[in-house]
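Subject: Structure handover and notes

Hello,

Here is the structure you were going to look at, followed by notes on what was found in it. Please read them beside the coordinates.

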Amino acid sequence: MCGIVGYVGKKPAQNILLEGLRRLEYRGYDSAGVCTVNDGKFDLRKKKGRINDLAALLRQQPAAGTTGIGHTRWATHGPPTDANAHPHLDQSGKIALVHNGVIENHQTLKDRLVAQGHQFISQTDTEVLAHLVGEYYKDDLVEAVRLALKEVVGTYGIAVVHRDHPKSIVGARRGSPLLIGIGRDENFLASDVSAIVAHTRRVVYLNDFEIVTLTRDNFEVTNIEAGAVSPEIKEIEFKAEDVERGKYPHFMLKEIFEQPQTVQNAFRGRLNFDEATAKLGGLNLTPAELRAVDRIIFIACGTALHSGMVAKYLLEDLARIPTEWDHASEFRYRNSPIEKHTLVFAISQSGETIDTLAAIRECRRKGHKTLGIVNVVGSTIAREVDGGTYMHAGPEIGVAATKSFTSQLTILTLLAVLMGRMRHLAGTRGTEILRELERIPGKIERILQQSDAIAAVAKKYCEANSFLFLARQYNFPVALEGALKLKEISYIHAEGYPAAEMKHGPIALVDPRTPSVFICPKNSVYDKTMANIEEVKARKGPVIVVATEGDTELLSKADDLIEIPATLDCLEPLLTVVPLQLLAYHIAILRGCDVDKPRNLAKSVTVE
Ligand code: G6P
């Protein structure tokens, strides 16, 4: 949440900052601002609204100078206004600061500063931090930042500049991501690699409680106690083109269409046909440790949690291991009993979601090993877990997660096969699943070819005020995901439910204006789901069905039918989610919604 970018070099900073902010806009888009250091003064420009509004302001009033910081905001303290936009200045007006995170003790600090004569012009916690740095400033900016941060309770990723030090930027992190981009005759600071990948692929990920001083040709990292740190330089694995929309009108559509490739990336090199199992080397657990596992808990938020819910079906079915899932935000504050042989798995696309991160930290504090399924290489969760698996899905920019979901499902399937083959799963069944997994990209391709037909279904129902998504077993979490996709990008009320559970409440919503989307492929619960379809039809509810190709029985019953190729029960979610992603996308477009940046949301939720 919130994007930060900083530049110090020889080139004009303004456009580099603006370009970086455009790449970070998915992290928050309530307001944006930049501050450059121009000949001993600040050029501070900030604006409520999107990056385009800031760009328009910069066309009228350019910001000069070759050092600067920028920010795109997702509001926490104070509504989105010009005054609350970052950067914020200290009392002297000589220090400018941008911040991602929450300063929990901002009120106490503010009261003290007000008593000392400070005046505040915004309602943000960030302005308090800027003033606090100013209060400590004598002539050494990094020292002032260090002293101020020692007083802070809360989370931060910050970038700070001083008018009298035009050739340096100070950055620091605790709980909110921040990295250094190393260029030639220029250096960068960013909350996310996508902001700087066009300029350099060499980065240093800062750890919590680290502070960096960045100049054009050097960077120095210390910890908050001023101890020296030896930073590790890493190479970014994706290219600048990967964060472009290409021929697609929206990132979300691009990412939906990437799924044949991203699913393949998730299983490439991980199928072991000789032993009918999967290879997940990064788990960092010996076969004996894996065999000893007697319980698994998946912790995640949003779409990633829906993957964790599918994982329960996968692991219990294929490996016979009792499996649970929990909302990271609930788990972290619950005193959940975890025994020695319980595996705790975090699932997170960004690897930065604060609740997921806090949950695994809590487990580690209690001495348990934690594992992760993460997309963003070098992200905080990826670095803090004891082991895990990368998705290799490439950057996901659309706020609504799509390709990361199918990548997570692919890896979870591999995990279930691996664990299953160490227990009761027969080799023939293991081989059957792996063979079919290899066919999934081609089957997703066939679903994508129906995008226009799905758009026609969307047109028919796009004015509905409410939708139900209903399914059983493996597809029940997909029903939740279908409802989540629709509500987050089209703002239509949608509920996902286990199909039979519908009778315990949601059926009261069924009427001729409320469509029900059933996921009903030909599987072991086909007849049961069919009975639920009849119940909705009997109450005159329109029925849209995701069904197996050639299902004539359903064709005669459904008002609209979207076909998916036949597959194994345990792999169905990899296919059934795709038409629901497309349905949500087309409905949102028809309603004129900004699908890549839905209102009130942000891609990477780094505040709790
Ligand atoms: C936000 C995003 C969702 C995402 C969730 C978890 O709510 O809008 O798309 O599923 O965070 O994010 P993570 O990066 O941990 O998977």
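A cavity here is a set of points, on a 1 Å grid over the protein atoms alone, where a 1.4 Å probe fits but cannot get out, and its lining residues have an atom within 4 Å of a point. The model is predicted, so local features need pLDDT of at least 70 and side-chain atom pairs count only at pLDDT 80 or more, while totals for chains, interfaces and linings use all residues. Residues are numbered from 1 along each chain as its sequence is written, and side-chain values use heavy atoms, with hydrogens and water left out.

Cavities

The second largest cavity is lined by Cys2, Arg73, Trp74, Thr76, His86, His99, Gly101, Thr124, Asp125 and Thr126. Its volume (the space filled by probe spheres set on the points, with grid points joined across faces, edges and corners) is about 60 Å³. By class, two of the lining residues are nonpolar, six polar and two charged. In this scheme Ala, Val, Leu, Ile, Met, Phe, Trp, Tyr, Cys and Pro count as nonpolar, Asp, Glu, Lys and Arg as charged, and the others, Gly among them, as polar.

Four cavities of 30 Å³ or more turn up in a search of the whole structure. The largest cavity holds about 390 Å³. It is lined by 32 residues, of which Asp192, Val193, Phe238, Val376 and Val377 are the closest to its centre. The lining of the largest cavity has 13 nonpolar, eleven polar and eight charged residues.

His86, from the second largest cavity, is joined to Pro87 by a cis peptide bond with omega of about -5°. Pro87 sits in the loop between strand E4 (67-73) and strand E5 (88-89). Helices (H or I, at least four residues) and strands (E, at least two) are DSSP runs, numbered from the N terminus. A second backbone feature is at Ala276, which has a positive phi of about 55° although it is not a glycine. Ala276 lies in the loop between strand E15 (271-272) and strand E16 (277-278). For reference, most residues other than glycine have a negative phi, and most peptide bonds are trans.

Sheets

One open sheet has eight strands in the order E3-E2-E4-E1-E10-E9-E11-E14, with antiparallel pairing; two strands pair if DSSP finds at least two bridges between them. Strand E3 (41-48) and strand E14 (234-235) are at the edges with a single partner strand each, so one side of each is left without a neighbour in the sheet. Within this sheet, E1 (residues 3-8) pairs with E10 (residues 187-190) over four bridges in the antiparallel sense, and Gly6 has Leu189 in E10 as its bridge partner. Helix H1 (residues 13-24) packs on the sheet and touches E1, strand E2 (31-38), E4 and E10; its direction makes about 155° with that of E1. Angles run from 0 to 180 degrees between N-to-C directions, and axes are lines fitted to C-alpha atoms, for helices over the stretch in contact; contact means heavy atoms within 4.5 Å. Helix H2 (residues 51-60) lies across E2, E3 and E4 and runs at about 140° to E3.

Another open sheet has five strands in the order E18-E17-E19-E20-E21, with parallel pairing. Its edge strands are E18 (323-327) and E21 (387-390), each paired on one side only. Neighbouring strands of this sheet are turned by 20° against each other on average, direction ignored. E17 (residues 295-300) and E19 (residues 342-348) pair over five bridges in the parallel sense, and Ile297 stands opposite Val344 in E19. Helix H11 (residues 354-365) lies across E17, E19 and strand E20 (370-374), at about 160° to E19. Helix H13 (residues 403-421) also packs on the sheet, touching E17, E19, E20 and E21, and its direction makes about 160° with that of E19.

Largest pocket and a helix pair

A pocket is an open set of points with protein on both sides within 12 Å along at least five of seven lines. The largest pocket holds about 660 Å³. Of its 34 lining residues, Cys301, Gly302, Thr303, Lys603 and Val605 are the closest to its centre. H9, E19, H11, H13 and H16 each supply at least two residues of that lining, and H9 gives the most, with five.

H9 (residues 302-319) and H16 (residues 476-490) pack at an angle of about 170°, with their axes 8 Å apart. That makes H9 roughly antiparallel to H16 (angles over 145 degrees count as such, under 35 as roughly parallel, 65 to 115 as roughly perpendicular and the rest as oblique).

Regards
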